[in-house]
Amino acid sequence: MQINLPVPALILLCVATTLVIVSNLIFYSILGEVNGKRGQDSQISMLFIGFRLSDVLKAHRELFPQSRKRLAACLLFGAGAIFMLSIFFTGHEDPNLIR
């Protein structure tokens, strides 16, 4: 099975994926910092962390007010989402498309 993906869309996909992965790496380092400052019984589990995203960021803001990691993670994720959405607007016309 051949996938017809134009080069600009492939480049955008690679850039978007890279940005989101780096954003997640920064987020997990934020989680590690928050858990490092908490006691053993009040640490935040990595399982289903998406549901507690705002709790982690709020705790990190309180513990590390000067840190720019939160901003970097949010900006990278936002840029990745924009690049991912821009794939739809690459202007690729499929000649086999039925209109």
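**The largest pocket**

Begin by selecting helix α1, which supplies the largest share of the lining of the largest pocket, namely 4 residues. The model on display is a predicted one. Now extend the selection to the whole lining: Ser 23, Asn 24, Phe 27, Tyr 28, Ile 49, Gly 50, Leu 53, Leu 57, Ala 73, Cys 74 and Phe 77. The elements that each give two or more residues to this lining are α1, α2 and α3. The space that the pocket encloses has a volume of about 190 Å³.

Colour the lining by residue class. What classes of residue make up the lining of the largest pocket? There are 8 nonpolar and 3 polar residues, and no charged residues.

**The whole chain**

Return to the full view and display the chain as a cartoon. The secondary structure consists of 3 helices and 0 strands, and along the sequence the pattern reads α-α-α. The protein has 99 residues, of which buried residues make up 22%. Consider next the contacts between residues with a separation of 6 or more: 69% of them join residues that are 24 or more positions apart.

**Ser 23, a residue of the lining**

Select Ser 23, which belongs to helix α1 and is also one of the residues that line the largest pocket. Its relative accessibility is 5%, so Ser 23 counts as buried, the limit being under 20%. Leaving aside residues up to four places away in sequence, Ser 23 touches Ala 73, Leu 76 and Phe 77. Ala 73 and Phe 77 appear in the lining of the pocket as well.

**Two aromatic pairs**

Show the side chains of the aromatic residues. The structure holds 2 aromatic pairs. In general, a pair of aromatic rings is described by the distance of the centres and the angle of the planes.

Select Phe 27 and Tyr 28. How are the rings of Phe 27 and Tyr 28 arranged? Their centres are 5.6 Å apart and their planes stand at 75 degrees; the pair is therefore edge-to-face, since an angle over 60 degrees is required for that description. Phe 27 is buried, with a relative accessible area of 7%, whereas Tyr 28 is partly exposed at 36%. Both residues are found in the lining of the largest pocket.

Now select Phe 48 and Phe 51, which form a tilted pair with 6.2 Å from centre to centre and 40 degrees between the planes. Both Phe 48 and Phe 51 are exposed.

Keep Phe 48 selected and follow the backbone. Phe 48 lies in the loop between α1 and α2. Its phi angle is positive, about 55 degrees, although Phe 48 is not a glycine. The relative accessible area of Phe 48 is 59%.

**Helix α2**

Move along to helix α2, residues 53-63, and select Val 56, Leu 57, Ala 59 and His 60, which are buried. Turn the view to look down the axis of α2: the buried residues fall within an arc of 160 degrees, so they line one face of the helix. As a general point, an α-helix has 3.6 residues a turn, so residues three or four places apart point the same way. The buried residues of α2 pack against α1 (7-37) and α3 (69-86).

Centre the view on His 60, a member of helix α2. Is His 60 buried or exposed? At 0% relative accessibility, His 60 counts as buried. Which residues does His 60 touch, not counting residues up to four places away in sequence? They are Ile 30, Glu 33, Val 34, Pro 65, Ser 67, Lys 69 and Arg 70.

**Distant in sequence**

Two further selections show residues that are well separated along the chain. Select Thr 17 in helix α1. At 35% relative accessibility, Thr 17 counts as partly exposed. Draw a distance from its C-alpha atom to that of Gly 80: the two residues are 63 residues apart in sequence and 6.7 Å apart in space.

Finally, select Phe 89, in the segment after α3. Phe 89 counts as exposed, at 70% relative accessibility. Its C-alpha atom is separated by 8.8 Å from that of Ala 9, which is 80 residues away along the chain.

Terms used. Residues numbered from 1 in each chain as written. Heavy atoms only, no water. Buried < 20%, exposed > 50% of the residue type's maximum accessible area, 1.4 Å probe, protein only. Arc of directions from axis to C-beta. Contact = heavy atoms within 4.5 Å. Phe/Tyr/Trp six-rings, centres within 6.5 Å; stacked < 30°, edge-to-face > 60°. 1 Å grid on protein atoms, 1.4 Å probe; cavity = no way out; pocket = protein on both sides within 12 Å on 5 of 7 lines; lining within 4 Å. Points joined across faces, edges and corners; volume = space filled by probe spheres on them. Nonpolar A, V, L, I, M, F, W, Y, C, P; charged D, E, K, R; others polar.
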